[in-house]
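The following report treats a protein model from its overall fold down to individual side chains. It is intended to be read alongside the sequence and the coordinates.

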Amino acid sequence: MKPAAALLTAAFALLIAGGVWQPYDPDAIDMTARHAPASFAHLLGTDNLGRDLASRLMAGGWRTALVILSVGVIAFVGGGTLGTAAAMLGGWREALILRAAEMFIVVPTLIVALTVAALFGLTPLSAGLALGLAGIGPYALLAHSLTRRTLGLQFVQAAEALGVERLRLMTRHVLPTTLPLIFSYAGSQAGLSVVAYASLSFIGLGADPSVPDWGSMLYEYRIFIFDHPGLMIWPGVAIATITALLNWNFDPGEPLRPGSKRTTVRLSDV
Amino acid sequence: MLRQVSGALARAGISLLAISALAFFIIASMPSDPVMIAIRAWNLPATEETIAAMRLEWGLDLPLPVRYLHWLGDFVVGDWGRSFRTGDPILAEFVWRLPISLTLGFCGLVLAIVLAIPLGFAAALHPRGIADRATRILSIGVQAVPSFWLGLVLLWVLGVQFKLIRPFANDWSSFAVPIALIAFHSLGILSRVYRRDLIGTTEQPHYRTALSKGLSRRQALWRHGHRAASYSLLAAVRSEAGWAIGSTATLEILFGLPGISQFLVQSMSARDYFVLQAYVMVIAVWMIVMNATITFAQRRLDPRAR
């Protein structure tokens, strides 16, 4: 396993473990231990209400992991199916799916998520659903262009000439080529959804501000910037670490060259 | 030309209609009753007559498509409804607040373009030089760090450590810092896209011809690469435009700027759904206007593009 993949797996294990067990109850208020410095009892110290910062970060990490997973599954399955179907069906159905996907790119992902969060309240699942649905457009366009390109490859055309039926052509030749590419796109988008979820919970939109999300923690702790800057440093470090690990693992860091083997859609298009 | 413009306008109109209809039906299908929210917000007596009168006035008994057409007609002529929270017309609030949000997003993008061209040029002129490495690190770094957290850290460093600005004071710095943050984020991607296209030019035969004519590398790159690279730069600006408007939301909250996103957040705690609908429409118009402007500029740069 490459070092990036190993680190990412470890980080994910840590996020999931953080949801199962925390050293303290993340919501337990202890007014006798307000703003306690870092110690063995409280590894990262405590906040303005005496809540253990490390426990809150761990609980927030679990919620972030939920968002990453639900966004990935919804956008990957939904967009992949629609895009592949568009390319395989062709004709007016292809045009219709593509127009619809392009229409939803017009409104930025974060705004779609903001709207959904405003209506249904902000939980990891509602945010994951919103960000995932907003991501279906670009995934569908990507899956479509990849599938079209694969259908033009010689070995696929040879299989078609041999009389392989459409469904089998898709499962045997097209999907094994396109799915890994769509998956790596999903990975590179996961970092964006971490930042988007942090932004949403920072904005809040009337959600319960005491919930230990990394973004809402940053909102809550921003006023202690003068006396206790550590409170707002740690949640940011957590966001940056997870996002950087995801990007490092799935993304060469450069915008992809036009006409390169992987995709025709640049990662910055979203 | 005229046909292209009218075609683009028609597509933009259809997009706006589709987005508005989708937003309207989702918002209208929410379980909360706007009449009850208004009665609570305005402290009206909750009698049968008041409720019935208000339902009639707002046309809530009509079927959904009819209500949508009513809303659309009112929206187009500038009647965007009233805010439950303040009682003021929503359009007036947006007219007052929109310049603040647009200034942030627009200045940030322009600053990013202005800085991306010299930086990207230097990076292409000297591969593996300082500018090349700096923009590469920048483009990777900004993707991992949320801009509002970077803003908090900046407030801490500049405000608390060096005492250059006063955090949360609503003075000039609460405009300058967000604009710089938006520009900083876009700068990474824009300068890399611009550089990549310039590098592409150096592999072309016409670039070698220009060198053999006696132009220096700098002159040849500028004369023969800049125009094509600007084209890709604009394509990247198009995708950054959506990001800029989204990130202004967090920055408006952090720096306490009274822009449209702050209005949305304040309205959402009062369940003011008309504001949400208006907000979605304003953002969609901004995106469509940005798309059209950039497409037009690209066509001026490269008439071959269709």
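## Buried charge and helix packing

With a relative accessibility of 0%, Arg56(A) counts as buried. The model in which this arginine is found is a predicted one. Arg56(A) forms a salt bridge with Glu220(A), and the closest N and O atoms of the pair are 3.5 Å apart. Since Arg56(A) lies in helix α2 of chain A and Glu220(A) in helix α8 of chain A, the pair ties together parts that are 164 residues apart in sequence.

Glu220(A) has another partner: its side chain and that of Arg51(A) meet in a salt bridge, at 2.8 Å from N to O. Here Glu220(A) is again the residue in helix α8 of chain A, while Arg51(A) belongs to the loop between α1 and α2 of chain A, so the pair ties together parts that are 169 residues apart in sequence. Arg51(A) counts as buried because its relative accessibility is 3%, a value under the 20% limit. These three residues belong to a network of salt bridges that links Asp27(A), Asp47(A), Arg51(A), Arg56(A) and Glu220(A).

A further salt bridge of chain A joins Arg99(A) to Glu102(A), with the closest N and O atoms 3.2 Å apart. The two residues are three apart in helix α3 (residues 91-106) of chain A, so about one helical turn separates them. In general, an α-helix has 3.6 residues a turn, so residues three or four places apart point the same way. Arg99(A) is partly exposed, with a relative accessible area of 46%, and Glu102(A) likewise counts as partly exposed at 37% relative accessibility.

The three salt bridges described above are listed below.

| Salt bridge | Closest N to O distance |
|---|---|
| Glu220(A) and Arg51(A) | 2.8 Å |
| Arg56(A) and Glu220(A) | 3.5 Å |
| Arg99(A) and Glu102(A) | 3.2 Å |

Over all chains, the count comes to 13 salt bridges.

**Chain A as a whole**

What is the secondary structure of chain A? The chain comes to nine helices and zero strands. The C-alpha trace of chain A spans about 75 × 40 × 30 Å along its principal axes. Of its 270 residues, 55% are buried. Among contacts in chain A between residues at least 6 apart in sequence, 72% join residues at least 24 apart. The exposed area of chain A is about 12100 Å², and carbon and sulfur atoms supply 69% of it. Chain A carries 17 positive and 16 negative charges, whose mean positions are 14 Å apart.

**Helix α8 of chain A and the contact with chain B**

Helix α8 (residues 214-221) of chain A, which holds Glu220(A), is largely enclosed by the rest of the structure, because six of its eight residues are buried. The buried residues of α8(A) are Trp214(A), Gly215(A), Ser216(A), Met217(A), Leu218(A) and Tyr221(A). Against which elements do the buried residues of α8(A) pack? Within chain A they pack against α1 (3-20), α2 (53-89), α7 (166-203) and α9 (230-250), and they also pack against α7 (147-161) of chain B.

Between the two chains, 43 residues of chain A are in contact with 50 residues of chain B. Chain A and chain B bury about 4200 Å² between them, with 75% of this area on carbon and sulfur atoms. The count of salt bridges between chain A and chain B is zero.

**Local features of chain B**

Pro178(B) lies in helix α8 (residues 173-202) of chain B and counts as buried at 0% relative accessibility. Not counting residues up to four places away in sequence, Pro178(B) touches Leu104(B), Ser173(B), Leu251(B), Phe255(B) and Leu257(B). The C-alpha atoms of Pro178(B) and Thr250(B) are separated by 9.8 Å, although these residues are 72 apart along the chain.

Two loop residues of chain B call for attention to their backbone angles. Most residues other than glycine have a negative phi. Arg128(B), which is not a glycine, has a positive phi of about 70°. This arginine lies in the loop between α5 (90-125) and α6 (130-144) of chain B and is exposed, with a relative accessible area of 69%. Lys163(B) also has a positive phi, near 55°. Lys163(B) lies in the loop between α7 and α8 of chain B and is exposed, with a relative accessible area of 64%.

Key. Residues numbered from 1 in each chain as written. Chains lettered and ligands numbered in written order. Predicted model: local features only at pLDDT ≥ 70, side-chain atom pairs only at ≥ 80, totals over all residues. Heavy atoms only, no water. Helix = DSSP H or I, 4+ residues; strand = E, 2+ residues; numbered from the N terminus. Buried < 20%, exposed > 50% of the residue type's maximum accessible area, 1.4 Å probe, protein only. Contact = heavy atoms within 4.5 Å. Areas by Shrake-Rupley, 256 points an atom, 1.4 Å probe, with all protein chains shown as cover. Lys, Arg positive; Asp, Glu negative; His and termini not counted. Charge placed at Lys NZ, Arg CZ, Asp CG, Glu CD. Buried area = accessible area lost by both parts, 1.4 Å probe. Salt bridge = Lys/Arg side-chain N within 4 Å of Asp/Glu carboxyl O.
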